[in-house]
Amino acid sequence: MPDFFLFINEILWDSVMIYLLIGAGIWFTVRSGFIQFRYLRHVGKSLKNSVTPQPGGLTSFQALCTSLAARAGNGNLMGVALAISAGGPGAVFWMWVSALIGMATTFAECALAQLYKDRDEHNQFRGGPAWYITRGLGMRWLGIIFALFLLVYGLIFNTVQSNTVAHALRYAWEIPELLSGVLLAAAALLAIRLGIRGVARIMQWLVPAMILVWVLASLLIGAWHVDQLPGIINAIFRGAFGWHEAAAGALGYTVSQALTSGFQRGILSNEAGMGTTPNAAAAAASWPPHPAAQGIVQMIGVFTDTLIVCTASALIVLLANESAADTPLNGIELVQQAMVSLTGSWAAGFVAVITALFAFTTIVVNYIYAENNLIFLRLHSKRNLWLMRGGTLLMVITGSLLSLPMVWQMADVMMALIAIVNLSAILLLSPVVRIIANDYLRQRRLGIRPVFNPQRYPEIQRQLAPGAWDNLPDR
């Protein structure tokens, strides 16, 4: 079975996903007027005015922290180590590239999620790819396929999180894997019962704190070993363009290995184009009241996740050993070993705690995404919600006992499938993305607060959910 998933992964990632991700990122960069480079500075303005709860939705900051909770999982730790193991230091460069162009893809999918959002029976905003596929493209059948894919992906990906935690706790304190899984599942159950608003309130405090601790630790270690930084940077750029293997001979890594590993782990980490983040973006009452504003806010999640958190992890691994990819260890144990070699034995426990926090937030938000899509499928009865909760907890416990390669290969296959559906949908909706971006930028250039007025676009207005964009505040 592992060989089968490995075969499927090679087909999807070597032949389809890399070109689709790069192509979509470049396409939306151009179609949105290079919005990730020109208007990222407006994130601060959008967040500054959005900390007060808005009627019917989360604040933009809560939506950002919720999406970051799912992004900032163990792909930021273990995934980075695996990328370096498979593609060498050059994979880090291609992770950066995946983030820069992925920011435009995230803008597109999150702006569309805001545009086509709806309200549930509790007046809470709901939306995501299943909604904009249904309303924007008129293909509910494809929205159902996406929703089902996302449900399966969430369950599988939770096994990756618990598997990583189990290995980290075993490495640090010899805690049995089953006990780790049970404790993680119990903590997740307490959180997911709070619903989307309760989870968002937790994440707006927990996520910034855990990211700050990890990044500060990396910066302190980097400052302590500042003399090695030029060599690390040189290895990253040489490996990214194939210059490394010219000097290293057969032991080097090809450009293809670095690029594939970097993009694969990059998207697993920042989730740009996967269609997961829009589920959080749609739940926000965006401020200013324009779909593009939430798209811009969510771009900072990609930037933070990959260019900051993943770089911090890569720095630790490469500082410990520039040829870390050649060591027999990989995954979270490699990160723990790197930290121990740089700071001391206490660091194994520190990494284990950070790993547990990253996994906890990701599992909880993955469930929130799954519940959101149950609502789309109209299957959100109490019975079905508890079945989903039970399935989530079972997969968390099971994941702690599975073999590592099997878990990652299954997650990679499902990640590719949901990304293909979502990217196809947002590419078909790219004319709408262009309208949204141009409308927002036009109002910014006029010096007024952007407000989306659907009456200016009758074709789009007919596709929107009744009441989603009514009663907008005056300028």
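This section describes selected helices, salt bridges and residue contacts of a predicted model.

The model is a prediction, in which local features need pLDDT of at least 70 and side-chain atom pairs count only at pLDDT 80 or more, whereas totals for chains, interfaces and linings use all residues. Residues are numbered from 1 along each chain as its sequence is written, and side-chain values use heavy atoms, with hydrogens and water left out.

Helices and strands are DSSP runs (H or I over at least four residues for a helix, E over at least two for a strand), numbered from the N terminus. The expected span of a helix is taken as 1.5 Å times one less than its number of residues. Helix H16 comprises twelve residues, 332-343, and its first and last C-alpha atoms are 16 Å apart, close to the expected 16 Å. Helix H5 departs from the expected length: with 13 residues, its end C-alpha atoms are only 15 Å apart, short of the 18 Å that a straight helix would reach. Each of these two helices is followed by a glycine with positive phi: Gly344 after H16, near 135 degrees, and Gly88 after H5, near 80 degrees.

Burial was assigned from relative accessible area (buried under 20%, exposed over 50%, partly exposed in between; 1.4 Å probe, protein chains only). Twelve of the 13 residues of H5 are buried, so this helix is largely enclosed by the rest of the structure. The buried residues of H5 are Gly75, Asn76, Leu77, Met78, Gly79, Val80, Ala81, Leu82, Ala83, Ile84, Ser85 and Gly87. In H16, the buried residues are Ile332, Glu333, Leu334, Val335, Gln336, Ala338, Met339 and Leu342. The elements that cover them include helix H5 (75-87), helix H8 (140-173), helix H10 (195-224), helix H15 (291-320) and helix H17 (346-376).

The structure contains six salt bridges, each defined by a side-chain nitrogen of Lys or Arg within 4 Å of a carboxyl oxygen of Asp or Glu. One of them joins the side chains of Arg135 and Asp118, at an N to O distance of 3.3 Å. Arg135 belongs to helix H7 (residues 129-137) and Asp118 to strand E1 (residues 118-119), so the pair ties together parts that are 17 residues apart in sequence. Both partners are partly exposed, Arg135 at 26% relative accessibility and Asp118 at 21%.

A salt bridge is also found between Glu174 and Arg170, again with an N to O distance of 3.3 Å. Glu174 is exposed at 55% relative accessibility, while Arg170 is partly exposed at 29%. These two residues and Glu177 are linked in a network of salt bridges.

In a further pair, Arg456 and Asp439, the closest N and O atoms are 3.8 Å apart. This salt bridge links distant parts of the chain, 17 residues apart: Arg456 is in the loop between helix H20 (430-445) and helix H21 (458-461), and Asp439 is in helix H20. Asp439 is buried at 2% relative accessibility, whereas Arg456 is partly exposed at 48%.

Contacts (heavy atoms within 4.5 Å) were examined for residues of H7 and H17. Thr134 lies in helix H7. A polar atom of the Thr134 side chain is 2.7 Å from the backbone oxygen of Ala130. Beyond residues up to four places away in sequence, Thr134 touches Met139, Arg140, Gly143 and Phe376.

Ile375 is located in helix H17 and is buried, with a relative accessible area of 15%. When residues up to four places away in sequence are not counted, Ile375 touches Arg126 and His380. The C-alpha atom of Ile375 is 9.8 Å from that of Ala147, a residue 228 positions away along the chain. Asn366, also in helix H17, is buried at 6% relative accessible area. Outside its neighbours within four places in sequence, Asn366 contacts Ala70, Gly154, Phe157 and Asn158.

An unreviewed UniProt entry annotates residues 16-34, 137-158, 178-196, 205-226, 296-320, 346-369, 390-408 and 414-437 as "transmembrane region". The positions are given in the numbering used here, feature names are shortened, and such annotations may be inferred rather than shown by experiment. In the model, residues 137-158 are 91% helix and 0% strand, with end C-alpha atoms 30 Å apart. Residues 296-320 are 100% helix and 0% strand, and their end C-alpha atoms lie 36 Å apart.

Definitions and conventions. Polar contact = N/O pair within 3.5 Å; in protein donor to acceptor, adjacent residues only side chain to side chain.
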